[in-house]
Amino acid sequence: MRLPGSLWRNIHGRGVPSRYLANMAANRPCHVTVLGEEYPTDHMTNISPTIVSKLPLKLHTQPSHPLSTLRALIESHFPSYAHLSSLSPLVTPYQNFDLLSFPADHPGRSVTDSYYVNKDLMLRTHTSAHEVEVFGRGETKWLLTADVYRRDEIDGSHYPVFHQTEGARIVSANSAGMKEIEEDNERLAAHLERSSIEIEDVPHLSPMNPCQPAHDPKHTELIAKNLKLSLNSLMLHLFGGRVGATAQNPLKVRWIEATFPWTTPSFEVEVFFRGKWLEILGCGVIYQPTLDNANVSDKLGWAFGLGLERIAMVLYSIPDIRLFWSQDPRFLSQFKQGEITTFKPYSKYPACFKDVSFWLPEGQTLHENDFCDLVRDIAGDVVEDVKLASLIDDFTHPKTNRKSLCYRINYRSMDSRSLSNDEANSLNTQVVSCLRDRFRVVIR
Ligand code: DAH
């Protein structure tokens, strides 16, 4: 199971293109309107009305919103960096994947994992999609915050839209560039030495996490050190004051080796917060072909990407990821720009479960993400979670070869009023009829 804003490796291995596209083709309009522009559709189109409605909202720029405060807090830690937050979520698969050296068969490319307007245009799945473009504009130290989109299951910590901040720094690959990094390393190390932080480190380079052929290992060591010092001090800035870190009880940060197609060596960072290790970000020394693609081959540097919702959920004690999208004044009026305060829960309305049990036509598959998008399009944020009730019911009939599935949908209103059983029934009836139309299922 993935957490919001979780790192790329966690979505590996889930993308089996389902046959539903053939069924959908018949119902597909020729055009879709996205952010006021019309685009032709094709066999890859899977962007849904619910998702289209989220594109203009940009929660990370809405004053007082927790995600906006968190963005500003990160930006305040890197005052000399360019701060970008208004790039369009529409990118080409080439920008999102190819320019970052993703392999051609990477599962993240599949229609079950990502949202496509058509085969040439998609919603960015991560802020790294803008790296080449931003380096290409000549930026050398920058932060970029944006909404990102991944198809997913539905529950309290997963939402198909979340927010990330990407950060990067590149310097000239010569003695002047290295001197700049060395001086910065000394300054950062002195600051961290005076602070209550305990760091569990891994070597900058290892056989599994090697130096790139294009790089001098001494340069890579300095860059990796600068990356680690910069991010350790960011962790202190975000979490230090909040865990009340003291000499006896320091903030604990740990580094883990990782793999990303566009960085080597690569790492992940976790922070120990309220009794748990929390996965915070992915990062690494930028793969030189990425910088070549941006026409800055004479530079080298580091990049990181972190998910905002997960951090905001723990800093503000926000228990459900849907709350970030709430228009309820009981949510929004609790927050002030620049202040991190503990969320005060207001009364939770009762949940209402409905089971949907059906037979799939022979040979037909139904990806869980397709089911979840269908439910979200009908019920919006009134759906709290969707679970495959596999223990109850998930089997293939030995004679007819038809597959039977049962999903349990939990409907619950988060905003302003209780959801009646009649309303939940009516939503569920719409889910059932849409399932019949789109996937030709037989309800049991
Ligand atoms: N884009 C990655 C994700 O969404 C996070 C990430 C990892 C960003 C490594 C980076 C990086 O810039 O170097 O999971």
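## Contacts and the main core

Two residues are in contact when they have heavy atoms within 4.5 Å of each other. Keep that in mind for F304, in a structure that is a predicted model. Leaving out neighbours within four places in sequence, F304 is in contact with F78, L143, T165, E166, G167, L231, L234, L281, G282 and C283.

F304 also belongs to the largest nonpolar core, which has 73 residues. Within this core, M235, F239 and F304 touch the most other members. Helix α7 (residues 217-240) supplies the largest share of the core, with eleven residues. There's a second, separate core too: 26 residues, among them C352, V375, I409 and A424. As a general point, nonpolar side chains tend to be buried together in soluble globular proteins.

## Around strand β7

Is strand β7 mostly enclosed or mostly open? The strand covers residues 141-149, and eight of its nine residues are buried, so β7 is largely enclosed by the rest of the structure. Strand β3 (residues 82-84) runs parallel to β7, with three bridges joining the two. One bridge pairs H83 with L143 of β7, and L143 turns up again among the contacts of F304.

The pairing of β7 with strand β8 (residues 161-172) is antiparallel and takes nine bridges. Here W142 has A168 of β8 as its bridge partner. V161 sits in β8 as well, and with a relative accessibility of 0% it counts as buried. Not counting residues up to four places away in sequence, V161 touches I51, K54, D147, V148, Y149, E309 and W325. V161 and P49 are 112 residues apart in sequence, yet their C-alpha atoms are 13 Å apart in space.

## A hairpin and a small sheet

Strands β1 (residues 31-34) and β2 (residues 37-40) run antiparallel and are joined by four bridges. In this pair, V32 stands opposite Y39 of β2. Two residues lie between the strands of the hairpin. L35 is in the loop between β1 and β2, and has a positive phi of about 50° despite not being a glycine. L35 is partly exposed, with a relative accessible area of 41%.

Elsewhere, an open sheet of three strands has the order β4-β6-β5, with antiparallel pairing. The edges are β4 (90-91) and β5 (116-118); each has a single partner strand, so one side of each is left without a neighbour in the sheet. Two bridges hold the antiparallel pair of β5 and β6 (residues 121-123), and one of them matches N118 with L121 in β6.

## Helix α12

How far apart are the end C-alpha atoms of α12? They are 26 Å apart, which agrees with the 27 Å expected for the 19 residues of this helix (residues 421-439) at 1.5 Å a residue.

The helix has a clear inside and outside. Its buried residues are A424, L427, N428, V431, V432, C434, L435 and F439. Viewed down the axis of α12, they fall within an arc of 165°, so they line one face of the helix. On the other side of α12, D422, T429 and D437 are exposed. A424 is also a member of the second core. Just after the helix comes R440, which takes a positive phi of about 55°.

## Cysteines

How many disulfides does a search of the whole structure find? It finds zero. The sulfur of C211 is 16 Å from the closest cysteine sulfur, that of C283, which is too far for a bond. C211 is partly exposed, at 22% relative accessible area.

C352 is in no disulfide either, with the nearest cysteine sulfur, that of C406, 15 Å away. C352 is buried, at a relative accessible area of 12%, and is part of the second core.

## Backbone oddities

A couple of other backbone spots are worth a look. The peptide bond from T264 to P265 is cis, with omega near -10°; P265 is in strand β11 (residues 263-273).

S317 has a positive phi of about 55° although it is not a glycine. S317 lies in the loop between α9 (308-316) and α10 (329-332), and is partly exposed, with a relative accessible area of 30%.

Methods
Residues numbered from 1 in each chain as written. Predicted model: local features only at pLDDT ≥ 70, side-chain atom pairs only at ≥ 80, totals over all residues. Heavy atoms only, no water. Pairing = 2+ DSSP bridges. Buried < 20%, exposed > 50% of the residue type's maximum accessible area, 1.4 Å probe, protein only. Core = buried A, V, L, I, M, F, W, Y, C linked by side-chain atoms within 4.5 Å. Disulfide = S-S within 2.5 Å. Expected span 1.5 Å × (residues − 1). Arc of directions from axis to C-beta.
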